[in-house]
Number of protein chains: 4
Amino acid sequence: MIISLELDGETPLYEQLRNQIVIGIATGGLAPQEKLPTVRQLAEDLGINTMTVNKTYSLLKQQGYIVIDRRHGAKVSPTIDESPNHSAELEGQLQLIIAQAAIRGMDQSRFQTICSQIFSKMTYQH
Amino acid sequence: MIISLELDGETPLYEQLRNQIVIGIATGGLAPQEKLPTVRQLAEDLGINTMTVNKTYSLLKQQGYIVIDRRHGAKVSPTIDESPNHSAELEGQLQLIIAQAAIRGMDQSRFQTICSQIFSKMTYQH
Amino acid sequence: MIISLELDGETPLYEQLRNQIVIGIATGGLAPQEKLPTVRQLAEDLGINTMTVNKTYSLLKQQGYIVIDRRHGAKVSPTIDESPNHSAELEGQLQLIIAQAAIRGMDQSRFQTICSQIFSKMTYQH
Amino acid sequence: MIISLELDGETPLYEQLRNQIVIGIATGGLAPQEKLPTVRQLAEDLGINTMTVNKTYSLLKQQGYIVIDRRHGAKVSPTIDESPNHSAELEGQLQLIIAQAAIRGMDQSRFQTICSQIFSKMTYQH
DNA sequence: GTGGTCTAGACCACT
DNA sequence: GTGGTCTAGACCACC
């Protein structure tokens, strides 16, 4: 799995990293139960501080995407909870994105096509 | 048009405000050419600093959503560019949102339904 | 409100700090809406690093005990959710404590007396 | 006696194990003088490292819960000290637990009821 | 060898 | 002036 960070972007590094790992899980780049790199290893590979990776892992753990086994390090959660209130949050995010798309002249069918393309790459199974 | 801010949220105030105005434009709460409140007025109504509102207006102007006339204040742009490179940015945002939705157990048809509902409220016409 | 940390204890500093603030809220040393010291100030007062205080505040925020207002810093939450699954967690903790008390020869009435004394100092109102 | 460990929990394995054995002693699952499994055996049963079990046994011995005889292995102490300074430690733990319970909206009578239920399962006799 | 914690010191975004 | 982020480097607890 390839990870690329924008060092000078506006999104915090730990959040960029978190996002890419989440996408990796959804698209199958990281299978359930698969072991993640160690904090040190990943930090070195990306050229960033171990604390930053540490924060990412803590966040992912707290959100249920990964579990941290004291014996073998971090791995993708075998099952991920179907967070109930996630739906409301999702709608809020979508509303803004769709508002911008509508203003920029994108029609609904084009939007749905893009969604379909993205969805077709999601291989995560419950 | 009603605007509500979460003072203790994670999103910066100026960005929350910007987002709500964009949604207002897309859903018809703010018509093209419609005059916006003065910086001063809006700041007072919302109980926030004028600098914050100022930053929001500057951002909206820079992104083409509003125009600022020194004499008559700010108003919604008569026409908004169909920014071409907006598409790439959109896909990036959607990818993350859809990844999270997929992991949380939402299937594509449910997702499309939600999109349709939101789209049906968008009244902005080019 | 007085806070004292064991620098060489086994409990992490950020957790000791978190615990004392929680107790402060429950016993009225910190009223709802009351402003907490700034991260820098508290770090200096306690002679520890700002990052450590920062972590404490993040944790308290995440657990709903405090809110962080971008304008004025951190303050005690006006209302704190009555976390539903807290009950199970509580029972687990109590079971261990009571087991140890029973083995050490403490009878139930004595235990209840101690609980009553502690409870009488809790002034937090919903 | 059944022991179950959370490999991905926050509590160290040796401590989880220690806690469950203490509860076992208090609730009668392990009688005074009863022999405990060998380090080797227990480690294998639980699928953990022998060092971990070893550490647990050392801890339990040091705290007076078990005695270790080189010839016959470990067994539950025939009598356990009524450690006097245990009381202070107990109060500290209870204070935090009760503070959290109070904030989360639990009233004293409900709390006392839960304590009674737990106490009724404690069978350890001095 | 793993993650967890802490420090000292720095810079940035937000208001 | 607030909290948020990041770094470099260190030590510790756990297994």
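**Protein surfaces facing DNA strands E and F**

The surface near DNA strand E comprises 11 nonpolar, 6 polar and 5 charged residues. The model is predicted. Around DNA strand E there are 22 residues. Leu13(B), Leu13(C), Tyr14(C), Asn49(C) and Thr52(C) come nearest. Backbone atoms of the nucleic acid figure strongly here. Sugar or phosphate provides 71% of the atoms of DNA strand E within 4 Å of the protein. Bases provide the rest.

Several side chains reach phosphate oxygens of DNA strand E. In chain B, a polar side-chain atom of Tyr14(B) lies 3.3 Å from one such oxygen. Lys55(B) places a side-chain N or O atom 3.5 Å from a phosphate oxygen of DNA strand E. For Lys55(C), the corresponding distance is 2.9 Å. Three chains give two or more residues per element to this surface. Chain A does so through helix H2 (39–46) and helix H3 (50–62). Chain B does so through helix H1 (13–27) and helix H3 (50–62). Chain C likewise uses helix H1 (13–27) and helix H3 (50–62). The largest share, 3 residues, comes from H3(C).

DNA strand F was examined in turn. It is surrounded by 22 residues. Those that come nearest are Leu13(A), Tyr14(A), Asn49(A), Thr52(A) and Leu13(D). Sugar and phosphate make up 70% of the atoms of DNA strand F that come within 4 Å of the protein. By class, the residues near DNA strand F divide into 11 nonpolar, 6 polar and 5 charged.

Polar contacts to DNA strand F involve both base and phosphate. Asn49(A) addresses a base: one of its polar side-chain atoms lies 2.3 Å from a base nitrogen of DNA strand F. Asn49(A) is also among the residues that come nearest to this strand. Two further side chains approach phosphate. A polar side-chain atom of Lys55(A) is 2.9 Å from a phosphate oxygen of DNA strand F. For Tyr14(D), a polar side-chain atom lies 3.3 Å from a phosphate oxygen of the strand.

The elements lining DNA strand F come from chains A, C and D. Each of those named here supplies at least two residues. In chain A they are helix H1 (13–27) and H3. In chain C they are helix H2 (39–46) and H3. In chain D they are helix H1 (13–27) and helix H3 (50–62). H3(A) gives the largest share of the surface near DNA strand F, with 3 residues.

How values were computed. Residues are numbered from 1 along each chain as its sequence is written. Chains are lettered from A and ligands numbered from 1 in the order in which they are written. This is a predicted model: local features need pLDDT of at least 70, side-chain atom pairs count only at pLDDT 80 or more; totals for chains, interfaces and linings use all residues. Side-chain values use heavy atoms; hydrogens and water are left out. A residue is near a molecule or strand if one of its heavy atoms lies within 4 Å of it. A polar contact is a pair of N or O atoms within 3.5 Å; within protein, one must be able to donate a hydrogen and the other to accept it, and residues adjacent in sequence count only if both atoms are side-chain atoms. Helices (H or I, at least four residues) and strands (E, at least two) are DSSP runs, numbered from the N terminus. Ala, Val, Leu, Ile, Met, Phe, Trp, Tyr, Cys and Pro count as nonpolar, Asp, Glu, Lys and Arg as charged, and the others, Gly among them, as polar.
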